[in-house]
Each structure stands twice: as structure tokens, then as C-alpha cells.
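Got the viewer open? Let's take a short walk through some charged side chains, one selection at a time.

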Amino acid sequence: MKLSAAIITFNEEHNIGRCIESLKGVADEIVVVDSFSTDRTQEICEKAGARFIRNPFEGHIQQKNFALNQCTGDWILSLDADEALDDPLRESIRMAIADETAEGFRMNRLTYYCGHWVKHCGWYPDTKLRLVRKGRAEWRGVNPHDRLDLISGADSGFLIGDILHYSYYTREDHLRQIEYFSGIASKELFQRGKKISLVMMVVKVIAQFLKSYVFKLGFLDGMTGWNISRLSAFATWRKYTMLRNLYQNT
């Protein structure tokens with residue numbers, strides 16, 4: 001069985017090399033779909049032997065589905081550029097693609113945040129469907145919260161090992177990502193006609209902090225858990241603030 005890896009990129013020179021390196025000995029084909037990077041992403045990908053394709057970015061879901069369609073393998077492993085496979089997961093994937101009956105496999109994702117591996121806050125195990133038989137799955141959801149689903153709705157298997165997610169190296173990285181994703185999410189809500197009152201905004205912000213820090217045991221991650229929980233609440237505030245601004249400007 002042939003395995004393709006599908007990755008989308010934009011200015012990922014600091015991450016893509018690690019991602020591709022972790023796929024060596026696992027993937028027979030590495031397909032990178034890039035939305036016109038201006039850094040060294042293309043150079044790094046091509047030097048590592050990946051097939052590099054440029055495609056205009058219309059949304060995370062659209063771009064990832066385009067990447068799936070470019071793959072030629074019997075199986076497809078979908079990764080983000082800031083992700084990599086650990087050794088147990090590499091071995092699990094090699095064994096999984098020999099399964100003649102399965103349509104897809106889920107795996108856990110472990111996030112590295114500002115020098116710490118995060119085990120709580122709702123960030124772990126963060127199980128994802130990422131390994132699928134070609135033609136049996138598609139990316140769905142609402143941008144930027146995409147998810148890979150089996151088209152048939154069949155049950156998926158589970159693999160031992162972790163996707164290692166190198167999310168944010170600094171607090172500033174996290175804040176920039178909050179602005180980026182809040183902008184996308186607010187526009188999606190606006191297009192769907194969703195509205196929210198100031199009172200409900202406050203309720204949702206408080207609820208998000210309590211969910212992350214208390215109910216999802218973020219306090220067990222120490223100061224890292226505290227920072228993540230505060231910024232998760234702030235992200236909720238920014239998303240709905242941007243949504244309200246969109247209505248005020250129309």
C-alpha cells in the first residue's frame with residue numbers, strides 16, 4: 001500500500017523541514033500545497049523531495065481538500081506544517097496501512113507551547129482523524145475549525161503515538177494567531193447571520209476560562225495552563241468583538 005502525506009503551507013520555513021523529516025520512512029509521497037509563500041518554504045520542501053504545488057488560498061477547508069485530491073497514494077496522512085510524528089506513531093502508521101478493511105485512523109496530538117508540553121487545558125489528548133483511505137474522507141466544518149471526516153460515517157481505528165504539535169514559540173505568536181483566527185471565525189459567524197449580546201459575550205468568556213483552567217484541569221500545567229486559559233478566554237472575547245464590529249460597520 002502506498003501512503004501519501006498532504007500538507008498545506010504559507011511561510012512555514014521554521015516548521016516544514018521538521019514535519020517532512022518525520023515522514024521519512026513512512027510516506028511514499030509528500031504533497032505540499034502552498035498559498036504563495038514569500039520565505040524559504042518552497043526551497044526547503046523541494047530539497048527534501050516533496051512535490052510542491054501552488055494554489056490560491058480560499059480557506060483552510062478548501063485548501064486541505066485540494067491537497068487531498070492531489071495525492072496519489074492508497075492512504076493519505078494529513079498534517080499541518082507545524083506538526084510532526086513521534087516514533088511510536090510512525091510505527092503505528094506503517095502497520096495501519098496494511099489493514100484491508102479500515103477506512104481511517106485517529107491519533108492523539110500533543111502540543112508544545114512556549115517550551116512546555118501541554119497535557120491539560122483541553123489540549124490533550126486532542127484526538128484527530130488524520131490517516132484515511134483515499135477517496136473515503138473530506139475536510140468539513142466551519143473555517144477556521146476544520147475537521148477530517150469519513151464520508152461513510154464508519155468508525156475509525158485508533159493508533160498509538162502522538163502527533164507533535166509545535167504551536168507557539170512565544171506569547172506573541174499566540175496573540176497573532178488569535179487575531180488571525182478570530183478574524184476568520186467572526187466573518188463566518190457574520191455570514192451566517194449570528195449575533196451576540198454584550199452580556200452573553202461576558203458569559204462565554206468566563207465559561208471558556210473556567211472550562212480550560214478548572215474543568216479541563218489547566219491548573220495542573222502550572223503557569224503554562226494559566227496563560228493558555230487566559231488567552232483562550234481572550235480569544236473568545238476577540239472573536240465576538242470582531243463580530244459586533246462587523247454589524248456596526250454595515
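Before you click anything, one yardstick: a residue counts as buried under 20% relative accessible area, as exposed over 50%, and as partly exposed in between. Also keep in mind that this is a predicted model.

Start by selecting R147 and D149. These two form a salt bridge, with the closest N and O atoms 2.9 Å apart. How accessible is R147? Its relative accessibility is 44%, so R147 counts as partly exposed. D149 has a relative accessible area of 17%, so this partner is buried.

Next, go to helix α5, which covers residues 171-191, and pick out R176 and D173. Their side chains meet in a salt bridge, at 2.3 Å from N to O. Both residues sit in that helix, three residues apart, or about one turn. R176 is exposed, because its relative accessible area is 53%.

Stay with helix α5 for E179, and add R238 to the selection. Here is another salt bridge, 2.8 Å from N to O. Which parts of the chain does this pair link? Distant ones: R238 belongs to helix α7 (residues 222-248) and E179 to helix α5, with their positions 59 residues apart in the numbering. E179 is partly exposed, since its relative accessibility is 34%.

For the last stop, select E83, R109, D126, K128 and R130 together. Salt bridges with shared partners join these five into one network.

Want to keep exploring? A search of the whole structure finds 17 salt bridges.

Notes: Residues numbered from 1 in each chain as written. Predicted model: local features only at pLDDT ≥ 70, side-chain atom pairs only at ≥ 80, totals over all residues. Heavy atoms only, no water. Salt bridge = Lys/Arg side-chain N within 4 Å of Asp/Glu carboxyl O. Buried < 20%, exposed > 50% of the residue type's maximum accessible area, 1.4 Å probe, protein only. Helix = DSSP H or I, 4+ residues; strand = E, 2+ residues; numbered from the N terminus.
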